[in-house]
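Reader: Hi! I've got a structure open and would love to walk through it with you. Could you take a look?

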Amino acid sequence: MTSYYEGIKVPWVPTREEFIEQALDLAQVGKGDILYDLGCGDGRIVIAAAKRGARGVCVELNPELLKKAMESAISEGVAHMIKFVRDDIFRVNISEATVVYMYLLRSVNDLLKPKLRSELKKGTRIISLDFEISGWKEVKVLRVSSPARIGTYYLYVIGVSDI
């Protein structure tokens, strides 16, 4: 399954289940947070955040994936904590986010920089799996691994990383 953002084809590659808690720990996601997953796919990140007491917003263009995210949230008992938005990540207002999760491409991350800088409040945490945001200074880098895959999380903070 594929989505197109700003004309760039982005394939859906789900975050491995064994990497999810590490991402949420890295950004210290918990009660009081509002986590936006840009290109949420099947919703696994937002569902895990909701289980920690955070509210979430799944942003996804692909209607089949968004439906799957909704169904999973219902079966996990956290749908009431999640808003599902079928739209382009460049058009959705993300200003209420305290945490943003992205597993996109570097080219898409770089196109998102002006949006992230203008809409997010100082202190908002951004987690990106495998793809850096060019020119921004990560606050932390975490290498994650499983028998099947190795990945890298980059943690950015608005007001620190984007200066």
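Reader: Which residue in β9 stands opposite Leu129?

Author: Happy to help! This is a predicted model, and in it Leu129 has Tyr153 of β9 across from it.

Reader: And how do strand β7 and strand β9 pair?

Author: They run antiparallel, with five bridges between β7 (residues 125-129) and β9 (residues 150-157).

Reader: Zooming out, what is the order of the strands in the sheet?

Author: The order is β5-β4-β3-β6-β7-β9-β8, seven strands in an open sheet with mixed pairing. β5 (82-85) and β8 (140-145) each have a single partner strand, so one side of each has no neighbour in the sheet. From one strand to the next, the twist averages 15°.

Reader: Which strands does helix α2 lie across?

Author: Helix α2 (residues 44-51) lies across β3, β4 (55-59), β5 and β6 (99-102), at about 170° to β3. Helix α3 (residues 63-75) also packs on the sheet, where α3 touches β4 and β5 and makes an angle of about 165° with β5.

Reader: Switching topic: is Asp33 buried or exposed?

Author: Buried: the cut-off is under 20% relative accessible area, and Asp33 counts as buried because its relative accessibility is 9%. You'll find Asp33 in the loop between α1 (17-26) and β3 (34-38).

Reader: What does the side chain of Asp33 make a polar contact with?

Author: One partner is the side chain of Thr98, at 2.7 Å. The Asp33 side chain also reaches the backbone nitrogen of Gly30 at 2.9 Å.

Reader: Which residues does Asp33 touch, leaving out those up to four places away in sequence?

Author: Gln28, Ala54, Arg55, Thr98, Val99 and Arg125.

How values were computed. Residues are numbered from 1 along each chain as its sequence is written. This is a predicted model: local features need pLDDT of at least 70, side-chain atom pairs count only at pLDDT 80 or more; totals for chains, interfaces and linings use all residues. Side-chain values use heavy atoms; hydrogens and water are left out. Helices (H or I, at least four residues) and strands (E, at least two) are DSSP runs, numbered from the N terminus. Buried means under 20% relative accessible area, exposed over 50%, partly exposed in between (1.4 Å probe, protein chains only). A polar contact is a pair of N or O atoms within 3.5 Å; within protein, one must be able to donate a hydrogen and the other to accept it, and residues adjacent in sequence count only if both atoms are side-chain atoms. Contact means heavy atoms within 4.5 Å. Two strands pair if DSSP finds at least two bridges between them. Axes are lines fitted to C-alpha atoms, for helices over the stretch in contact, and angles run from 0 to 180 degrees between N-to-C directions.
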